[in-house]
Amino acid sequence: LHLRLGDVDLAAGVLRVQQTKFHKSRLVPLHPSAVRALRRYRAFLNAADAGVPEAPFFPDGRGRPLNYGQARHGFARLRQALGWTGTADRKPPRLHDFRHTFAVRRLLRWAAAGEDLEAKLYTLSTYLGHAQVTDTYWYLSGVPELFAIVAERFARFADREPKGEQP
């Protein structure tokens, strides 16, 4: 929400996220589809402040950065227009759910590709801006699909114990 024009390098496809809630900064690479969408967004705004690096990338109606309440309200309107409703046992999606879904899907793809999830967690932790990598480890135990993968890999590891030896 607090990105400034100078933080968004669409030529390189990178966001510079500065001084988050844990006082961390990081570079976040963007997928080419995200770069295209952000370029269309900037063209749509046709902002007079396009040359001012300190101007907000996502301004409100008065040229100030959007606050979380405004973003949540806008997302609720979009969700309603798209018909994304909840069910009796599930609430409708929230903005933050995109982040969670991204993290889970990325881990599932790495697992399907046979990647070393422990090594990849450091990359994902940095990308998400977690204060500690242990915050990212939660996904491996808190998401049933990922827990099943980890449990199966552990069982394979445990079965490799040399025969005839007692623990």
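Which residue forms a salt bridge with arginine 94? Select aspartate 97: its closest N and O atoms to those of arginine 94 are 2.6 Å apart. A salt bridge here is a side-chain nitrogen of Lys or Arg within 4 Å of a carboxyl oxygen of Asp or Glu.

Before going further, note that this is a predicted model, where local features need pLDDT of at least 70, side-chain atom pairs count only at pLDDT 80 or more, and totals for chains, interfaces and linings use all residues. Residues are numbered from 1 along each chain as its sequence is written, and side-chain values use heavy atoms, with hydrogens and water left out.

**Stop 1: the salt bridges**

Stay with the opening pair for a moment and colour by accessibility. Aspartate 97 is partly exposed at 22% relative accessible area, and arginine 94 is partly exposed too, at 49%. The classes work like this: buried is under 20% relative accessible area, exposed is over 50%, and partly exposed is in between, using a 1.4 Å probe and protein chains only.

Across the whole structure, a search finds 5 salt bridges. Salt bridges that share partners join Arg4, Asp7, Arg16 and Glu54 into one network, so select those four next.

Centre the view on arginine 4, which is partly exposed with a relative accessible area of 25%. The side chain of arginine 4 meets that of aspartate 7 in a salt bridge of 3.3 Å, N to O. Aspartate 7 is buried, at 4% relative accessibility.

Now turn to glutamate 54, whose side chain also forms a salt bridge with that of arginine 4, at 2.7 Å, N to O. Glutamate 54 sits in the loop between α1 (32-45) and α2 (68-82), while arginine 4 is in the segment before β1 (8-9), so this pair ties together parts that are 50 residues apart in sequence. Helices (H or I, at least four residues) and strands (E, at least two) are DSSP runs, numbered from the N terminus. Glutamate 54 itself is exposed, with 53% relative accessible area.

**Stop 2: histidine 2**

Next, pick histidine 2, also in the segment before β1. Is histidine 2 buried or exposed? At 62% relative accessibility, histidine 2 counts as exposed. Leaving aside residues up to four places away in sequence, histidine 2 touches Asp7 and Pro65; contact means heavy atoms within 4.5 Å. Draw a distance from histidine 2 to alanine 131, and you will find their C-alpha atoms separated by 19 Å, with the two positions 129 residues apart along the chain counted as their separation.

**Stop 3: arginine 79**

Move on to helix α2 and select arginine 79. This residue is buried, at 18% relative accessibility. Show the neighbours of arginine 79: not counting residues up to four places away in sequence, arginine 79 touches Trp84, Pro92 and Pro93. For a longer view, the C-alpha atoms of arginine 79 and glycine 114 are separated by 35 Å, and the two are 35 residues apart along the chain.

**Stop 4: the helices around α5**

Switch to a cartoon view and select α3 (residues 95-112) together with α5 (residues 133-142). How do α3 and α5 pack? Their axes are 11 Å apart, at an angle of about 70°; axes are lines fitted to C-alpha atoms, for helices over the stretch in contact, and angles run from 0 to 180 degrees between N-to-C directions. That makes α3 roughly perpendicular to α5, where under 35 degrees counts as roughly parallel, over 145 as roughly antiparallel, 65 to 115 as roughly perpendicular and the rest as oblique. Show side chains to see His100, Ala103, Val104 and Leu107 of α3 meeting Trp138, Tyr139 and Leu140 of α5.

Add helix α6 (residues 144-159), which packs with α5 at about 85°, the axes being 5 Å apart. This makes α5 roughly perpendicular to α6. Here Tyr139, Leu140, Ser141 and Gly142 in α5 meet Pro144, Leu146, Phe147 and Val150 in α6.

Finish with helix α4 (residues 117-128): the axes of α4 and α5 come within 9 Å and cross at roughly 120°. That makes α4 oblique to α5. Among the contact residues to display are Leu121, Tyr122 and Leu128 of α4, with Val133, Thr136 and Tyr137 of α5.
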